[in-house]
Amino acid sequence: MNFKSLILFFSVLVASCSSVTEMEHVHTMTSPDGKLEMTLSIDENGTPLYALEYQGSAVILPSSLGFDLSCGSFRDGFEVQSVDTLSFDEIWEPVWGEEAKIRNNYNELLVNLVQTSSDRKMSIRFRLYDDGLGFRYEFPYQKNLSYFVIKEELTQFALAGDHTAWWLPGDYDTQEYNFTEC
(Lines give C-alpha, C1' and ligand atoms only; values in the text may rest on other atoms or scores of the structure.)
Protein backbone atom coordinates (compact mmCIF):
# COMPACT_ATOMS: atom_id res chain seq x y z
CA MET A 1 0.00 0.00 0.00
CA ASN A 2 1.52 3.32 -1.04
CA PHE A 3 1.43 6.54 0.98
CA LYS A 4 -1.52 8.13 -0.92
CA SER A 5 -3.61 4.96 -0.51
CA LEU A 6 -2.75 4.87 3.20
CA ILE A 7 -3.88 8.50 3.68
CA LEU A 8 -7.10 7.82 1.75
CA PHE A 9 -7.75 4.71 3.90
CA PHE A 10 -7.30 6.65 7.16
CA SER A 11 -9.45 9.55 5.87
CA VAL A 12 -12.31 7.16 5.09
CA LEU A 13 -11.84 5.43 8.45
CA VAL A 14 -11.94 8.73 10.37
CA ALA A 15 -14.99 9.93 8.42
CA SER A 16 -16.87 6.69 9.08
CA CYS A 17 -16.05 6.85 12.81
CA SER A 18 -17.28 10.46 12.95
CA SER A 19 -20.56 9.47 11.33
CA VAL A 20 -21.08 6.66 13.81
CA THR A 21 -20.38 9.01 16.74
CA GLU A 22 -22.86 11.62 15.44
CA MET A 23 -25.55 9.00 14.83
CA GLU A 24 -25.38 7.79 18.43
CA HIS A 25 -26.86 11.13 19.51
CA VAL A 26 -29.80 11.05 17.08
CA HIS A 27 -33.10 9.36 17.87
CA THR A 28 -36.05 9.33 15.49
CA MET A 29 -39.69 8.40 15.81
CA THR A 30 -42.55 8.35 13.32
CA SER A 31 -46.26 8.90 13.81
CA PRO A 32 -48.52 5.82 13.67
CA ASP A 33 -49.39 6.55 10.01
CA GLY A 34 -45.72 7.23 9.16
CA LYS A 35 -46.28 10.74 7.77
CA LEU A 36 -44.65 12.69 10.63
CA GLU A 37 -41.08 12.10 11.73
CA MET A 38 -39.57 13.63 14.86
CA THR A 39 -35.83 13.74 15.46
CA LEU A 40 -34.06 14.35 18.76
CA SER A 41 -30.35 15.08 18.77
CA ILE A 42 -27.72 16.41 21.14
CA ASP A 43 -25.45 19.06 19.60
CA GLU A 44 -21.71 19.50 20.25
CA ASN A 45 -22.48 21.62 23.37
CA GLY A 46 -24.73 18.94 24.83
CA THR A 47 -27.92 20.89 24.05
CA PRO A 48 -30.98 18.76 23.25
CA LEU A 49 -32.60 19.67 19.92
CA TYR A 50 -35.79 18.39 18.30
CA ALA A 51 -37.08 18.72 14.73
CA LEU A 52 -40.26 17.64 12.94
CA GLU A 53 -40.97 16.72 9.31
CA TYR A 54 -44.23 15.96 7.50
CA GLN A 55 -43.82 13.61 4.55
CA GLY A 56 -40.16 14.60 4.21
CA SER A 57 -40.70 18.39 4.43
CA ALA A 58 -39.53 20.34 7.45
CA VAL A 59 -42.25 21.69 9.75
CA ILE A 60 -40.08 22.55 12.78
CA LEU A 61 -36.38 23.14 12.19
CA PRO A 62 -33.89 21.99 14.86
CA SER A 63 -35.03 23.76 18.04
CA SER A 64 -33.35 23.71 21.44
CA LEU A 65 -34.88 22.50 24.68
CA GLY A 66 -34.08 23.48 28.25
CA PHE A 67 -34.47 25.84 31.19
CA ASP A 68 -32.65 28.41 33.24
CA LEU A 69 -33.22 27.39 36.87
CA SER A 70 -32.57 29.18 40.13
CA CYS A 71 -29.77 26.68 40.76
CA GLY A 72 -28.13 26.93 37.31
CA SER A 73 -28.69 26.30 33.64
CA PHE A 74 -30.44 23.23 32.27
CA ARG A 75 -29.61 24.19 28.68
CA ASP A 76 -26.46 22.29 27.74
CA GLY A 77 -23.89 19.77 28.89
CA PHE A 78 -26.33 16.85 28.53
CA GLU A 79 -25.72 13.26 27.52
CA VAL A 80 -28.38 10.69 26.72
CA GLN A 81 -28.56 8.24 29.62
CA SER A 82 -31.27 6.00 28.13
CA VAL A 83 -34.12 5.98 25.63
CA ASP A 84 -37.44 4.16 25.92
CA THR A 85 -40.12 3.80 23.26
CA LEU A 86 -43.80 2.93 23.45
CA SER A 87 -46.71 2.58 21.02
CA PHE A 88 -50.21 3.13 22.36
CA ASP A 89 -53.62 2.70 20.75
CA GLU A 90 -57.01 2.78 22.47
CA ILE A 91 -60.55 3.89 21.79
CA TRP A 92 -62.51 5.45 24.64
CA GLU A 93 -65.99 6.88 25.07
CA PRO A 94 -66.36 10.35 26.61
CA VAL A 95 -69.24 11.08 28.98
CA TRP A 96 -70.36 13.96 26.75
CA GLY A 97 -69.09 15.85 23.72
CA GLU A 98 -69.26 15.94 19.95
CA GLU A 99 -67.73 12.50 19.39
CA ALA A 100 -69.12 9.19 20.65
CA LYS A 101 -65.69 7.51 20.50
CA ILE A 102 -62.21 8.97 20.59
CA ARG A 103 -59.06 7.20 19.39
CA ASN A 104 -55.89 7.81 21.39
CA ASN A 105 -53.10 6.52 19.14
CA TYR A 106 -49.47 7.64 19.42
CA ASN A 107 -45.83 6.61 19.48
CA GLU A 108 -43.74 7.76 22.42
CA LEU A 109 -40.05 8.47 22.89
CA LEU A 110 -38.79 8.99 26.44
CA VAL A 111 -35.27 10.43 26.51
CA ASN A 112 -33.51 10.38 29.87
CA LEU A 113 -30.71 12.95 30.03
CA VAL A 114 -27.96 13.62 32.53
CA GLN A 115 -26.06 16.89 32.78
CA THR A 116 -22.52 15.65 33.22
CA SER A 117 -21.11 18.68 35.07
CA SER A 118 -23.78 18.64 37.80
CA ASP A 119 -24.97 15.01 37.61
CA ARG A 120 -28.55 16.34 37.45
CA LYS A 121 -31.18 14.51 35.44
CA MET A 122 -34.02 15.59 33.19
CA SER A 123 -36.31 13.52 30.98
CA ILE A 124 -38.24 14.64 27.92
CA ARG A 125 -41.29 12.62 26.89
CA PHE A 126 -42.35 13.07 23.25
CA ARG A 127 -45.68 11.80 21.90
CA LEU A 128 -46.20 11.78 18.16
CA TYR A 129 -49.74 11.43 16.87
CA ASP A 130 -50.92 11.32 13.25
CA ASP A 131 -51.87 15.00 13.55
CA GLY A 132 -49.19 16.49 15.77
CA LEU A 133 -46.39 16.36 18.32
CA GLY A 134 -46.52 16.95 22.05
CA PHE A 135 -43.76 16.83 24.65
CA ARG A 136 -43.19 17.50 28.31
CA TYR A 137 -40.24 17.82 30.62
CA GLU A 138 -39.95 15.53 33.63
CA PHE A 139 -37.60 15.99 36.56
CA PRO A 140 -37.03 12.67 38.34
CA TYR A 141 -36.44 12.69 42.07
CA GLN A 142 -32.76 13.34 42.80
CA LYS A 143 -30.84 14.50 45.85
CA ASN A 144 -28.99 17.30 44.04
CA LEU A 145 -32.20 18.82 42.56
CA SER A 146 -34.88 18.56 45.22
CA TYR A 147 -36.15 22.15 44.98
CA PHE A 148 -35.77 24.71 42.21
CA VAL A 149 -37.45 27.70 40.60
CA ILE A 150 -37.73 27.97 36.83
CA LYS A 151 -36.37 31.40 35.89
CA GLU A 152 -36.89 31.00 32.15
CA GLU A 153 -38.08 28.30 29.79
CA LEU A 154 -35.73 28.03 26.80
CA THR A 155 -37.88 25.82 24.57
CA GLN A 156 -37.70 26.92 20.95
CA PHE A 157 -40.23 26.44 18.14
CA ALA A 158 -38.27 27.24 14.96
CA LEU A 159 -41.08 26.92 12.42
CA ALA A 160 -39.96 26.17 8.86
CA GLY A 161 -42.24 28.82 7.34
CA ASP A 162 -44.31 31.90 8.02
CA HIS A 163 -47.26 30.13 9.67
CA THR A 164 -50.39 31.43 11.35
CA ALA A 165 -50.76 30.69 15.07
CA TRP A 166 -53.68 31.00 17.48
CA TRP A 167 -53.24 31.42 21.20
CA LEU A 168 -55.21 32.17 24.31
CA PRO A 169 -54.05 33.45 27.70
CA GLY A 170 -53.13 30.91 30.36
CA ASP A 171 -55.42 31.15 33.37
CA TYR A 172 -55.59 28.77 36.29
CA ASP A 173 -59.39 28.81 36.67
CA THR A 174 -60.87 29.20 33.17
CA GLN A 175 -60.27 28.62 29.49
CA GLU A 176 -63.17 30.90 28.50
CA TYR A 177 -61.24 33.29 26.30
CA ASN A 178 -61.39 34.05 22.59
CA PHE A 179 -58.46 32.86 20.49
CA THR A 180 -56.06 35.50 19.23
CA GLU A 181 -54.56 35.07 15.75
CA CYS A 182 -50.96 36.10 15.10
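Okay, let's start with strand S9, residues 120-129: this one is mostly covered, with 7 of its 10 residues buried. Keep in mind that what we're looking at is a predicted model.

So who sits beside S9? On one side of the sequence there's strand S8, residues 102-115, which pairs with S9 in the antiparallel sense over 9 bridges. If you want a spot to click on, try Asn107: its bridge partner in S9 is Leu128. S8 and S9 make a hairpin, and 4 residues lie between them. Have a look at Asp119 in that turn, where phi is positive, at about 60°.

Now go the other way, to strand S10, residues 132-138. S9 pairs with S10 too, again in the antiparallel sense, over 7 bridges. Here the pair to find is Arg127 and, opposite it in S10, Gly134. How many residues separate S9 and S10 in their hairpin? Just 2.

Right, let's zoom out to the whole protein chain. We get 1 helix and 13 strands. Reading from the N terminus, the helix comes up first, and then it's strands the rest of the way.

What about burial overall? The chain has 182 residues, and 27% of them count as buried. On the outside, the chain exposes about 12400 Å², with 53% of that supplied by carbon and sulfur atoms.

Last one, on contacts. Take the contacts between residues at least 6 apart in sequence: 47% of those join residues at least 24 apart.

That's my tour, so over to you!

Methods
Residues numbered from 1 in each chain as written. Predicted model: local features only at pLDDT ≥ 70, side-chain atom pairs only at ≥ 80, totals over all residues. Heavy atoms only, no water. Buried < 20%, exposed > 50% of the residue type's maximum accessible area, 1.4 Å probe, protein only. Contact = heavy atoms within 4.5 Å. Areas by Shrake-Rupley, 256 points an atom, 1.4 Å probe, with all protein chains shown as cover. Pairing = 2+ DSSP bridges.
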